[in-house]
Amino acid sequence: MLNNVSTRTQSSVSIRELSLSFGSVKVLENLNLDIHDGEFLVLLGSSGCGKSTLLNCIAGLLEPTEGQIFIKDKNVTWEEPKDRGIGMVFQSYALYPQMTVEKNLSFGLRVAKVPRDEIDRRVARASGILQIEPLLKRKPSELSGGQRQRVAIGRALVRDVDVFLFDEPLSNLDAKLRSELRVEIKRLHQALKNTMIYVTHDQIEALTLADRIAIMKSGVIQQLDDPVTIYNRPRNRFVAGFIGSPSMNFLKGELAEEGDHTVFKTNGVSFSLDGYDASEPLKPGRQVILGARPEHIKVDGDITGGEIHEAVVDIEEPMGADNLLWLKHAGHVMSVRIGGARRYAVGAKVRLAFDMSMASLFDAGTEERI
Amino acid sequence: MDKSLTMPISGAAISGPAGSRLEAGPQGKRPRKVLSSRNVIVYGALGLAALYYLLPLYVMVVTSLKGMPEIRLGNIFSPPMEITFEPWVKAWAQACTGLNCDGLSRGFWNSVRITVPSVIVSIAIASVNGYALANWRFKGSEIFFTILIVGAFIPYQVMIYPIVIVLREMGLYGTLYGLILVHSIFGMPIQTLLFRNYFVSLPEELFKAARIDGAGFWQIYLRIMLPMSLPIFVVSMILQTTGIWNDFLFGVVFTRPDTYPMTVQLNNIVNSVQGVKEYNVNMAATLLTGAVPLIVYFVSGRLFVRGIAAGAVKG
């Protein structure tokens, strides 16, 4: 789907026309991806979309059926994992249970017969960065989840590699630890400036960590962009619906012309599309889906301009900092995010206006952005 | 400041200063009757089953401690009036089988010389097989595994004659080495299955992590997998020790009288048709032969259960 042509010297990891099938099941198909030097790339998708499979291919743990993988401009398609210059962190930590933290960290170096003092130096450096020095003599079973994952990151760190691979590293942790370690991983990336490829199904992790996000579905990259673009200008309806919580509102309707304005018509109500940045001419009569995020629909006092409609409050969901209103209008129920202090009674009438500059229009057939 | 004002919820909930808020009626843990019909049935059935299995053992032990005159009285359940260890000594050191009159001790040492190498060889090979089948899937590994499992269902008797010929051609027939070889091969299907299922149940990510760390086939096996596999090795060891020690068929077919394992010798003592039937010696000899697997189980039984459970959950 995407053919990012980039100059070869820039990319740290380059995946070219990669396909992988298990028997008759095609997991990845003709996938192209170029990851820049020092970039933090997140592979985001729901389970079974092929994101972990792609990561395992990069690591050399799975053999692709077709295609090539380059790391640092070297064709590593047939190389062993250890020769690829990668370190990997797994969801289940995968620490060797019978070894102490120190032995866990140094295992790869001992296998590679690195001199003793060099091993000590690297273990000291990694444990210093990750602040796990007090744990060096302990066994993995004596560590908490967060400490274990820190050790697992350390094991990748001591290998002194160009590329870090993370396979859902935070999914086994509770919510509080997850957000703490997320920040730490970001800090680590800023300090090390290594290339990092990070697989997750958690959109918050993706949005907060990534330089660029690749959203995958059924083995195909749907969109590869920086988080802001992904969030605000999703390329298709799948991306729009996948990213954002609460989810984007989708209204089915058609394009029409009223006076010299192009409008979006649904159930007899028309919304002016003034301010929408279309990538192609908006032809009247075309069946489309209008997508608007809850925070891009303004209510009462928040309205700064645009066409004003009247809606009825259906349900109110106070979430602390925010308040989520479900409004009924034009035969649709749409969610609107307002400040947590503003409360509405069910059945109250409110005025609303769409911020069309932040909205998205998709073709109803192809579901591609217009 | 009044405490009940700052904590309105708890304040409102307490009825009085000394007050217990409990009402008459059920509270806390529900009482259980010791002599409920459920308990009687469960423990009764367990007790009966235990009795059923322990009674023969009891008869054997008391008979082996009696002298022949006392046995002839015919009270097989009565405890010995005069305890004697004579039958045990005789069974171990003096009982005659054929021309040899040095008791079961000869068979015991033969069995040790058969069992120990067979157990070590079969476990060493089967564990590597299982590891390879679980972690290094190669082309045709599933077919290989299926063939191996089918091997476990073929009756041994079918293969005895061909094996006799093969061993004869190899010059191993009648030697302990031949029997060791046969035991090692016949243990392979079930042992490989056991190890494969155990290694499959270990997290795959550990194996992946070790590969990224640069460890190869043997390094992963020896440094990662082996240290995590004590329970399954114990299970395997118990199964093999018991199976090989208790084997009679291969022992009688593939060895000569001076290399007979203990089981064959026991049979020859117990089933000898000449002379007086010395029940006390027979009982002692049987208990001696059965003691080894029993001791092995009692020593490592806890690990056995752990290993069986670990292998059974997944795989």
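In what order do the four strands of the open sheet in chain A run? The order is β2-β1-β4-β5, and the pairing is antiparallel. The model you are looking at is predicted, so please read what follows with that in mind.

## The open sheet of chain A

Let's stay with this sheet for a moment. Its edge strands are β2 (25–36) and β5 (74–75) of chain A, each of which pairs on one side only.

The pairing of β2(A) is with strand β1, residues 11–22 of chain A, and the two run in the antiparallel sense over eight bridges. To find this pairing in the viewer, you could start from A:Ser11, which stands opposite A:His36 in β2(A).

## Two helices packed together

Next, have a look at α2(A) and helix α4 (residues 145–157) of chain A. Their axes are 8 Å apart, and the helices pack at an angle of about 30 degrees. Angles under 35 degrees count as roughly parallel, and α2(A) and α4(A) are therefore roughly parallel to each other. The crossing in which α2(A) passes α4(A) is right-handed.

Which residues meet here? From α2(A) come A:Val101, A:Asn104 and A:Leu105, and from α4(A) come A:Val151, A:Gly154 and A:Arg155. By character, the residues of this contact between α2(A) and α4(A) divide into three nonpolar, two polar and one charged.

## Where chain A touches chain B

Helix α2 of chain A also has a part in the contact with the other chain. That contact takes 17 residues from chain A and 14 residues from chain B. On the side of chain A that touches chain B, β6 (86–89) and α2 (101–111) of chain A each supply at least two residues.

What is the make-up of the residues on this side of chain A? They divide into 12 nonpolar, four polar and one charged.

## A closer look at B:Thr286

Finally, let's cross over to chain B, where B:Thr286 lies in helix α15, residues 279–313. Is B:Thr286 buried or exposed? The answer falls in between: a residue needs 20 or more C-beta neighbours within 10 Å to be buried, and 12 or fewer to be exposed. B:Thr286 counts as partly exposed because it has 17 C-beta neighbours inside 10 Å.

Leaving aside residues up to four places away in sequence, B:Thr286 touches B:Met60 and B:Leu266. As for B:Met81, this residue is 205 residues from B:Thr286 in sequence, and the two are 22 Å apart in space, C-alpha to C-alpha.

How values were computed. Residues are numbered from 1 along each chain as its sequence is written. Chains are lettered from A and ligands numbered from 1 in the order in which they are written. This is a predicted model: local features need pLDDT of at least 70, side-chain atom pairs count only at pLDDT 80 or more; totals for chains, interfaces and linings use all residues. Two residues are in contact if their C-beta atoms, placed from the backbone, lie within 7 Å. Ala, Val, Leu, Ile, Met, Phe, Trp, Tyr, Cys and Pro count as nonpolar, Asp, Glu, Lys and Arg as charged, and the others, Gly among them, as polar. Two strands pair if DSSP finds at least two bridges between them. Axes are lines fitted to C-alpha atoms, for helices over the stretch in contact, and angles run from 0 to 180 degrees between N-to-C directions. Angles under 35 degrees count as roughly parallel, over 145 as roughly antiparallel, 65 to 115 as roughly perpendicular and the rest as oblique. A crossing is left-handed if the near helix is turned anticlockwise from the far one by less than a right angle, and right-handed if clockwise.
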